[in-house]
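Trainee: Bring this one up on screen, please. I'd like to pick at it residue by residue.

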Amino acid sequence: MAGEAEEEHDRAAAVLASLPVRTPLPASSVRTLTPHVADLLASGWTPGELTEHWTTGLPASYGVGLLIRRVQDTRPRVRPSTDDLASQPQRRPVPPWCGECDPEGEAHPALRMVETADGRTRRCPRCHPGVVAEAEPGDQSDAAPSGLLDELDEAWAAGRAG
Ligand SMILES: [Zn+2]
C-alpha cells in the first residue's frame, strides 16, 4: 500500500543519512539513492546489513563517490523461498480442458466438474487432473454410456408389460 511504501522510503532515507562515516552523504545523493535503497530493504536487506555492507573496508581517504557507488552496486536480494517454489516442477502435467464441463475449468483445472443425472457434481472424467491421473487412459468404466440406461428401462418396461 502507499503507506507501506512511504515507510520503506523513510527507512531508506534514514539508513543513508545515518551511515557511520566521516562525511555524510549530501542530501541530493540521499534523495537520488533513496528509492534504490527502499527496493533493497523491500527485498530483504536489513538496515544493519546495508550499513555494514557499505562501510566495511572503506579506505581511510575514501570519497563520497565511492560510498555512492557501493550503494548503487548493491543488488536486491532474491528470496530463495519464492525461487524454489517457482522452479519446482509440477508433480503431474495438467490435462487439457475437454471443453465440455464447467467453462471455469479451462483456467482452473480444479473446477472441472460435471453434473450427474441426479443433480450431484463430480469431477470431470475427461479432464479433471485428479481423475485423469488416477484412471488408465481410455478407461470409461465410471461413465456409463447414456444409451445403456434407456435400454435397461425399456427392457424392464417390456418385462412388466409381458
Ligand atoms: Zn472436462
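Trainee: Leaving out residues up to four places away in sequence, which residues does V37 touch?
Mentor: Keep in mind that this is a predicted model: local features need pLDDT of at least 70, side-chain atom pairs count only at pLDDT 80 or more, and totals for chains, interfaces and linings use all residues. Residues are numbered from 1 along each chain as its sequence is written. Two residues touch if their C-beta atoms, placed from the backbone, lie within 7 Å. With those sequence neighbours left out, V37 touches A12, V15, L16 and V71.

Trainee: And which residues have the most contacts inside the largest nonpolar core?
Mentor: A nonpolar core is a set of buried Ala, Val, Leu, Ile, Met, Phe, Trp, Tyr and Cys residues joined through C-beta atoms within 7 Å. Buried means 20 or more other C-beta atoms within 10 Å of a residue's own, exposed means 12 or fewer, and partly exposed is in between. The largest core here has 14 residues, and those with the most contacts inside it are A12, L16, V37 and L41.

Trainee: Which element gives the most to this core?
Mentor: Elements are DSSP runs numbered from the N terminus: helices (H or I) of at least four residues and strands (E) of at least two. Those giving two or more residues to the core are α1 (2–17), α2, α3 (47–55) and α4. With six residues, the top contributor is α2.

Trainee: How many residues are in the other core, the one lying apart from it?
Mentor: This second core includes W97, C101, C124 and C127. As a general point, nonpolar side chains tend to be buried together in soluble globular proteins. The count for this other core is five.

Trainee: Is W97 buried or exposed?
Mentor: W97 sits in the loop between α5 (80–87) and β1 (113–115). Setting aside residues up to four places away in sequence, W97 touches G105, E106, R112 and C127. It has 21 other C-beta atoms within 10 Å, so W97 counts as buried.

Trainee: How far apart are the C-alpha atoms of W97 and P129?
Mentor: Along the chain, these two are 32 residues apart. In space, their C-alpha atoms are separated by 9.5 Å.

Trainee: Back to the helices: are α2 and α4 roughly parallel or roughly antiparallel?
Mentor: S29, L33, H36 and V37 in α2 meet I68, V71 and Q72 in α4. Helix α2 (residues 27–42) and helix α4 (residues 64–73) pack at about 20°, with axes 10 Å apart (lines fitted to C-alpha atoms over the stretch in contact, with angles from 0 to 180 degrees between N-to-C directions). Under 35 degrees counts as roughly parallel, over 145 as roughly antiparallel, 65 to 115 as roughly perpendicular and the rest as oblique. The two helices are therefore roughly parallel.

Trainee: Take I68, then: which residues does it touch, not counting those up to four places away?
Mentor: I68 is found in helix α4. Because 18 other C-beta atoms lie within 10 Å, I68 is partly exposed. Its C-alpha atom is 8.9 Å from that of W54, 14 residues away in sequence. With the sequence neighbours set aside, I68 touches L25, S29 and L33.

Trainee: What about R69, buried or exposed?
Mentor: R69 lies in α4 as well. Its C-alpha atom is 9.3 Å from that of W54, 15 residues away in sequence. Only the C-beta count decides the class: R69 has 12 others within 10 Å, so R69 is exposed.

Trainee: What percentage of the chain's residues is buried?
Mentor: The chain has seven helices and two strands, in the order α-α-α-α-α-β-β-α-α. Of its 162 residues, the buried share is 14%.
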